[in-house]
Amino acid sequence: MRTVKRRKLGQSGLSLLETMVALGLFAITAATTGDFLVQQIRRASQNNLHMVAYAVAEEQLEAVRAAKYGDMQGDTTQIEKGSVVFDVATTVEANVPAPNLKRVTVRVGWTEPGGRHDVEVQTIYTAVRKF
């Protein structure tokens, strides 16, 4: 004959209720962590796009700088980097902020699921006279 052993008082082990509570706490923690990770990935992507936009703006400033002082002019174009299209608008203002100076402004914008974003870079150029 087979006998069934019963647990003695004070004997350790997990009951079904304890296991269900532990699984519930784990599920809440996992769901919260998952949402946090999605937000962090989204922010990292936004930061990367901002860095790319500033790099595009700096490239455009260098292109304007490469022209002769008298030939500097504004331009509007689109540049594709990866899967994102950046709208690039360059303006050149003569005699701003003072005579014989030019203020160059490059505005780079793009649209992503979170909405429209823009960055702007400005600098001032002057004609250098060679003696």
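## A salt bridge between neighbouring strands

Arg103 and Glu93 form a salt bridge in which the closest N and O atoms are 3.1 Å apart. Because Arg103 lies in strand β3 and Glu93 in strand β2, the pair ties together parts that are 10 residues apart in sequence. Arg103 is partly exposed, with a relative accessible area of 26%, and Glu93 is also partly exposed, with a value of 33%. These distances and areas, like the others in this report, are computed from a predicted model.

## Other salt bridges

How many salt bridges does the structure hold? There are 6 salt bridges, and one of them joins Arg116 to Asp87, with the closest N and O atoms 3.2 Å apart. Arg116 lies in strand β4 and Asp87 in strand β2, so this pair ties together parts that are 29 residues apart in sequence. Arg116 is partly exposed, with a relative accessible area of 44%, while Asp87 is partly exposed with a relative accessible area of 26%. Asp87 and Arg116 also belong to a network of salt bridges in which they are linked with Asp118.

Another salt bridge is formed by Lys81 and Glu59, whose closest N and O atoms are 4.0 Å apart. This pair links distant parts of the chain, since Lys81 is in strand β1 (residues 75-81) and Glu59 is in helix α1, 22 residues apart. Both ends can be reached in part from outside the protein: Lys81 is partly exposed, with a relative accessible area of 35%, and Glu59 is partly exposed, with a relative accessible area of 45%.

## Charged residues that are buried without a partner

Which side chain of opposite charge is nearest to Lys102? That side chain belongs to Asp71, but it is 7.7 Å away, and Lys102, although buried, has no salt bridge. Since a salt bridge requires the nitrogen and the carboxyl oxygen to be within 4 Å, the distance to Asp71 does not qualify. Lys102 is found in strand β3, which covers residues 101-112, and a polar atom of the side chain of Lys102 lies 2.7 Å from the backbone oxygen of Tyr69. When residues up to four places away in sequence are not counted, Lys102 touches Tyr69, Gly70, Met72, Val92, Glu93, Ala94, Val96, Thr123, Ile124 and Tyr125. Among these contacts is Glu93, the residue that forms a salt bridge with Arg103.

Glu112, which lies in strand β3, is likewise buried and has no salt bridge, and the nearest side chain of opposite charge is that of Arg42, 8.2 Å away. Outside the residues up to four places away in sequence, Glu112 touches Gln46, Leu49 and His117.

## The nonpolar core

In soluble globular proteins, nonpolar side chains tend to be buried together. The largest nonpolar core of this model has 17 residues, and the members that touch the most other members are Ala53, Leu61, Phe86, Val104, Val106, Val108 and Trp110. Helix α1 (16-66) and the strands β2 (84-94), β3 and β4 (115-126) each supply at least two residues of this core, and α1 gives the most, with 6 residues.

Trp110 shows how residues from several parts of the chain come into contact with one core member. Leaving aside the neighbours within four places in sequence, Trp110 is in contact with Leu49, His50, Ala53, Val84, Val85, Phe86, Gly115, Arg116, His117, Asp118 and Val119. Two of these, Arg116 and Asp118, are also part of the network of salt bridges that includes Asp87, while Ala53 and Phe86 are listed with Trp110 among the core residues that touch the most other members.

## Unusual backbone in the loop between β2 and β3

Most residues other than glycine have a negative phi, and most peptide bonds are trans. Where does the model depart from this pattern? A cis peptide bond, with omega about 5 degrees, joins Val96 and Pro97, and Pro97 lies in the loop between β2 and β3.

Asn95, in the loop between β2 and β3, has a phi near 60 degrees, which is a positive value in a residue other than glycine. Asn95 counts as partly exposed, at 49% relative accessibility. Asn100 is also placed in the loop between β2 and β3, and the phi of Asn100 is positive as well, near 65 degrees.

Methods. Residues are numbered from 1 along each chain as its sequence is written. This is a predicted model: local features need pLDDT of at least 70, side-chain atom pairs count only at pLDDT 80 or more; totals for chains, interfaces and linings use all residues. Side-chain values use heavy atoms; hydrogens and water are left out. Helices (H or I, at least four residues) and strands (E, at least two) are DSSP runs, numbered from the N terminus. Buried means under 20% relative accessible area, exposed over 50%, partly exposed in between (1.4 Å probe, protein chains only). Lys and Arg count as positive and Asp and Glu as negative; His and the chain ends are not counted. A polar contact is a pair of N or O atoms within 3.5 Å; within protein, one must be able to donate a hydrogen and the other to accept it, and residues adjacent in sequence count only if both atoms are side-chain atoms. Contact means heavy atoms within 4.5 Å. A nonpolar core is a set of buried Ala, Val, Leu, Ile, Met, Phe, Trp, Tyr and Cys residues joined through side-chain atoms within 4.5 Å.
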